[in-house]
Amino acid sequence: MTDCIFCRIIRGEIPASYVYQDELVSAFMDIQPVNPGHLLIVPNTHASSLADLDSKLGPHIFQVAMRLAAGLRGSTVQCEGVNLYLADGKAAGQEVFHIHLHVIPRFSGDNKGAFFALRSRGHSDQKQDRDQIAASIRTSLLHNTIPEIRKE
Ligand code: AMP
Ligand code: ZN
């Protein structure tokens, strides 16, 4: 799908603050983070829903999410806990129809509650803030012995 926003990011046509990439998935900062450090894991090949996703990608995405959660905890991001969130279908709140897993850092007192119901109250930040946070997460991931870190 050529005009898909996440396909365009993966092709390098739209900038993103990457923290991780391998042959199957990419992970970058969400542009409207619930909390600073909010990440998206996106398959490199377009799949609009879980039904379209190659079945081997399910476990891989979860494995990457586990690594990124550890990376968040070891970075400068305020992260005492992590929510994983995936919306499959419009009725479930999916807005970008290139399936993706949210990895959301949480901390006591962030007042996000059931964060998926409060998305519009997300943290507002700038590209340079996201780049700075992404650099810290990439450094943390290196210390978590992950080999396939994308270099800027
Ligand atoms: P969902 O409702 O699960 O489809 O979430 C889509 C997510 O994509 C939202 O959290 C958006 O903030 C995020 N998003 C949309 N456009 C971009 C972009 N260009 N770069 C990074 N994240 C984006
Ligand atoms: Zn796509």
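Which residues form one aromatic cluster? They are F6, Y18 and F28. The model is predicted, and local features need pLDDT of at least 70, while side-chain atom pairs count only at pLDDT 80 or more. Residues are numbered from 1 along each chain, and side-chain values use heavy atoms, without hydrogens and water.

The structure holds two aromatic pairs. Rings of Phe, Tyr and Trp (its six-membered ring) pair if their centres lie within 6.5 Å; planes under 30 degrees apart count as stacked, over 60 as edge-to-face and the rest as tilted. F6 and F28 are edge-to-face, at 5.6 Å centre to centre with 75° between the planes. Because F6 lies in helix α1 and F28 in strand β2 (residues 25-29), this pair ties together parts that are 22 residues apart in sequence. Helices (H or I, at least four residues) and strands (E, at least two) are DSSP runs, numbered from the N terminus. The ring centres of Y18 and F28 are 5.7 Å apart and their planes stand at 70°, so this pair is also edge-to-face. Both Y18 and F28 are buried, that is, under 20% relative accessible area (exposed is over 50%, partly exposed in between; 1.4 Å probe, protein chains only).

The zinc ion (ligand 2) has the protein donors C4 (SG), C7 (SG), H46 (ND1) and H98 (ND1), 2.1 to 2.3 Å from it. Donors are N, O and S atoms within 2.8 Å of the metal (3.2 Å for Na, K and Ca); water is not among the atoms, so sites may look incomplete. H98 is buried, with a relative accessible area of 0%.

Notes: Chains lettered and ligands numbered in written order.
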